[in-house]
Amino acid sequence: MPLPPVFYHYFCTPLPYTRTLLLQEKIHQLQLAARRSSSHHDILLLLEHRPVYTSGRRQTEQELHAERARLTSIGAEFAVAARGGQLTYHGPGQLVGYPLLDLARTSPPIGIRDYICVMQKMIQSYLLLTHGITHVPSDHTGVFLDPVTKIASIGVQVRHRLTTHGFAINVTKEPLEWFGQVVACGLVDVKAGCIAEAKGKNTRVEDVVPGIVDAFGTLYGRDMVKLYPQNAGELGEAILALEEDALAAGEWLNAPSPN
């Protein structure tokens, strides 16, 4: 039998990170409950975040205490995430993708390493076919323009073979100054790059969305269907509530405040 489609939704307003974590958890619980009758949907959330630094689940509060104080003082939020990986940044100008998929839909189920590998190839394929941007191989997870310039990051969590978290692609130059405040992903000699810099011309996040949706469907072998929250029951209500919260949060800083 063919696999069911993946429903995708793009949020137009940058989202608060912690509230977005709660939405992922809500979807995870809805999927678990509906899985018994095989009526659960696979979802791809595409969005930008308000400026935020996030840590991985293996980092301790003792390690992060000083960094938390410093990074919040320059105008960003700080949150501990349940994904793999280390300290990183998310913010406007960066397209974040949260696939919430059931890896057990195939027989045999997709392994975590294969899932991440396909995600990495999906980003590489999109960059090459849409922008003519080539990557270089790296021993590190993510996508690199050269040995010291990283354009995309990957960090996932899998519970009960249901995925959360995902990938982030730097589109505009706006995230680069924020990345410069930290050693992102623990890679001391690596800097952040972006599509706009690699192409030498401005690119908007919303313009990247259609190509990523197409590449995701192609590489994972799934039909992609736009989600309409007003017709999506409890899931749609949660999405609309988050969009209202994002609008109510108001403006955000475009660059770090001077220390």
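**Entry 1. Backbone at the histidines**

I looked up His160 and placed it in the loop between strand 8 (149-159) and strand 9 (162-170). The model is a predicted one, and I read every value below as computed from it. Phi of His160 is near 55°, a positive value in a residue other than glycine. Is His160 buried or exposed? Its relative accessibility is 54%, so I entered His160 as exposed.

I then turned to His165, which lies in strand 9. This residue also is not a glycine, and its phi is positive, at about 60°. His165 has 4% relative accessibility and therefore counts as buried. I noted both residues because most residues other than glycine have a negative phi.

**Entry 2. A cis peptide bond**

Which residues does a cis peptide bond join? I found Ser107 and Pro108, with omega at about 0°. Pro108 belongs to the loop between strand 6 (94-100) and helix 3. I recorded the bond because most peptide bonds are trans.

**Entry 3. The open sheet 4-3-5**

I traced an open sheet of three strands, in the order 4-3-5 and with mixed pairing. Which strands stand at the edges? They are strand 4 (77-80) and strand 5; each has a single partner strand, so one side of each is left without a neighbour in the sheet. On average, neighbouring strands of this sheet are turned by 30° against each other, with direction ignored.

For strand 3 and strand 4 I noted pairing in the parallel sense, over four bridges. Val52 stands opposite Glu77, the latter in strand 4. I also looked for what packs on the sheet and found helix 1 (residues 17-35), which touches strand 3, strand 4 and strand 5. The direction of helix 1 makes about 35° with that of strand 4.

**Entry 4. Aromatic pairs**

I described each ring pair by two values, as a pair of aromatic rings is described by the distance of the centres and the angle of the planes. How many aromatic pairs are there? With ring centres required to lie within 6.5 Å, the count comes to six aromatic pairs.

One of them is Tyr53 with Tyr89: the ring centres are 5.2 Å apart and the planes stand at 55°, so I entered the pair as tilted. Tyr53 sits in strand 3 (residues 52-55) and Tyr89 in strand 5 (residues 88-90); the pair thus links distant parts of the chain, 36 residues apart. I found both Tyr53 and Tyr89 to be buried.

I next took Tyr115 and Tyr220. Their ring centres are 5.9 Å apart with the planes at 45°, so this pair is tilted. Because Tyr115 lies in helix 3 (residues 112-131) and Tyr220 in helix 6 (residues 205-220), the pair ties together parts that are 105 residues apart in sequence. Tyr115 is buried, and Tyr220 is buried as well.

Finally, I asked which residues the ring pairs link into a cluster. I listed Tyr53, Tyr89, Trp178 and Phe179.

**Entry 5. Cysteines**

How many disulfides does a search of the whole structure find? I recorded zero. I also looked up the accessibility of two cysteines. Cys117 has a relative accessible area of 34% and is therefore partly exposed. Cys194 has a relative accessible area of 0%, so I entered Cys194 as buried.

Note on methods
Residues are numbered from 1 along each chain as its sequence is written. This is a predicted model: local features need pLDDT of at least 70, side-chain atom pairs count only at pLDDT 80 or more; totals for chains, interfaces and linings use all residues. Side-chain values use heavy atoms; hydrogens and water are left out. Rings of Phe, Tyr and Trp (its six-membered ring) pair if their centres lie within 6.5 Å; planes under 30 degrees apart count as stacked, over 60 as edge-to-face and the rest as tilted. Helices (H or I, at least four residues) and strands (E, at least two) are DSSP runs, numbered from the N terminus. Buried means under 20% relative accessible area, exposed over 50%, partly exposed in between (1.4 Å probe, protein chains only). Two strands pair if DSSP finds at least two bridges between them. Axes are lines fitted to C-alpha atoms, for helices over the stretch in contact, and angles run from 0 to 180 degrees between N-to-C directions. Contact means heavy atoms within 4.5 Å. A disulfide is a pair of cysteine sulfur atoms within 2.5 Å.
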